[in-house]
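Please walk through this protein model with me, beginning at the metal site and moving outward to the sheet and the helices.

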Amino acid sequence: MLLKTVQRIELPPAADMHVHMRQGDMMQLVAPTILQGGVDTAFVMPNLVPPLTTIDRVLAYKKELEAAAPGVNFLMSLFLHSSITPEVIAQASAAGITGVKLYPQGATTNSDAGVADLTAFYDTFAAMESHDMVLNIHGEALESLTPPGITLEEAFLPTLQSLHKRFPKLRIILEHCSTAAAVEAVKACGPSVAATITAHHLYLTETEACCDPFAFCKPIPKKASDRDVLVRTIAEGSPKFFFGSDSAPHPLQSKTGAEPGKAPAGVFTQPFAAQLVLLGLCEAIERGVLAEDAINEEILANFLSHHGRRFYKLPPAAPLKKIVLERQGAAIPASVRSADGNIEVGISRAGEQVFTLRWEEA
Ligand code: DOR
Ligand code: ZN
């Protein structure tokens, strides 16, 4: 298959292992866009306001999501906080909660209640290891703790390595990895450590992220060489790397109305999740970073669907459904908007031509 010219691609339903669905009207707007992006399974982040720190709230939120987006399998997470004790882990595991998200305190949107001292959670991590729950990590050190000359993500990598060493069987995901160094660090760990890669980190660099509010997110996109390592990592096909869009909707006005450099962090890709991964890979081929035949259906299916499901120990993708992507000259609209017009969210790469996507019985 030559991705640059192929007209039609059939793939299993994608699994998006990192989504932000928010609450209320915003949730009602964005949850139905999951299927539009070719995704039938979504791992949901708990950085709500207030953060999801109780099992009851996580389960109630799951019900709301299922009602807003029938047909999507939602995997749920708790927000790591001092109230998440080993007893809570045992109960969460029994209640079918999949993961626990670790946000360093203050690292990103709605993370003020995050973790200041990791060592305080060692008993919790041990309980997660024995209950086989997944630890999802926002892998960025605080700016105040990061030496000059390295990125916040690079500064976090020793913490990832020491956690893995201390809890070798604990399944850890370094979320939205964004640097060549992070890819190397994840490869150097055992099979219990994996990483998600977003669509937008395949096509954004610091040049756009610094100045376009719709390209600003955390971790901030880095150098072209980091971006190119991410696309090459997908082409290599290691099971340690899989799709997690980190699609993070913010009201349009909060992006356009912010002072330069002050927009909230988050790139919204959900309605075109699979299509934007293809766009990022296509552009890498055009730049000559990947060979023309480096991407085929198997690599796409592995990255978008199989690797994530396997790491999460889910059953294989629904065998009776597939997504069909075709080049029909369609372009990404500027935004999604609620029926009453009250909420609008700008979509990444608006105006760009992408594959159309439809669901079919396999
Ligand atoms: O860009 C981001 N937006 N990065 C995160 O870690 C959080 C997310 C959000 O919730 O808006
Ligand atoms: Zn996120």
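**From the zinc site to the sheet**

Histidine 18 has a relative accessibility of 0% and therefore counts as buried, the cut-off for that word being under 20%. The model in which this residue sits is a predicted one. Aspartate 246 is likewise classed as buried, because its relative accessibility is 5%.

Both residues belong to the zinc site: the protein donors of the zinc ion (ligand 2) are His18 and His20, each through NE2, together with Asp246 through OD, and they lie 2.0 to 2.1 Å from the ion. Along the sequence these donor residues follow the spacing H-x1-H-x225-D. Distant parts of the chain are thus linked, since histidine 18 lies in strand 2 (residues 14–19), whereas aspartate 246, 228 residues apart from it, lies in the loop between strand 10 (241–243) and helix 10 (252–256).

Turning to the annotation, an unreviewed UniProt entry lists residues 21–187 as "domain: Amidohydrolase-related". In the model, the chain over residues 21–187 is 40% helix and 14% strand, and the C-alpha atoms at the two ends of that stretch are 30 Å apart.

Strand 10 also takes part in an open sheet of six strands, which are arranged in the order 5-6-7-8-9-10 and pair in parallel. Strand 5 (77–79) and strand 10 stand at the edges of this sheet, and because each has a single partner strand, one side of each is left without a neighbour there. On average, and with direction ignored, neighbouring strands of the sheet are turned by 30° against each other. Within the sheet, strand 6 (residues 99–102) and strand 7 (residues 134–137) run parallel and are joined by four bridges, and leucine 102 stands opposite isoleucine 137 in strand 7. Packing on the sheet is helix 12 (residues 297–311), which touches strand 8 (171–174), strand 9 (193–197) and strand 10, and whose direction makes about 115° with that of strand 10.

One further helix can be checked by its length. Helix 11 (residues 273–287) has 15 residues, and at 1.5 Å a residue it should span 21 Å; its end C-alpha atoms are 21 Å apart, so the model agrees with the expectation. Helix 11 is also mostly covered, with 13 of its 15 residues buried. The residue that follows helix 11 is glycine 288, which has a positive phi near 85°.

Terms used. Residues numbered from 1 in each chain as written. Chains lettered and ligands numbered in written order. Predicted model: local features only at pLDDT ≥ 70, side-chain atom pairs only at ≥ 80, totals over all residues. Heavy atoms only, no water. Donors = N, O, S within 2.8 Å, 3.2 Å for Na, K, Ca; no water. Buried < 20%, exposed > 50% of the residue type's maximum accessible area, 1.4 Å probe, protein only. UniProt positions renumbered as here; feature names shortened; annotations may be inferred. Pairing = 2+ DSSP bridges. Axes fitted to C-alpha atoms, helices over the stretch in contact; angles between N-to-C directions. Contact = heavy atoms within 4.5 Å. Expected span 1.5 Å × (residues − 1).
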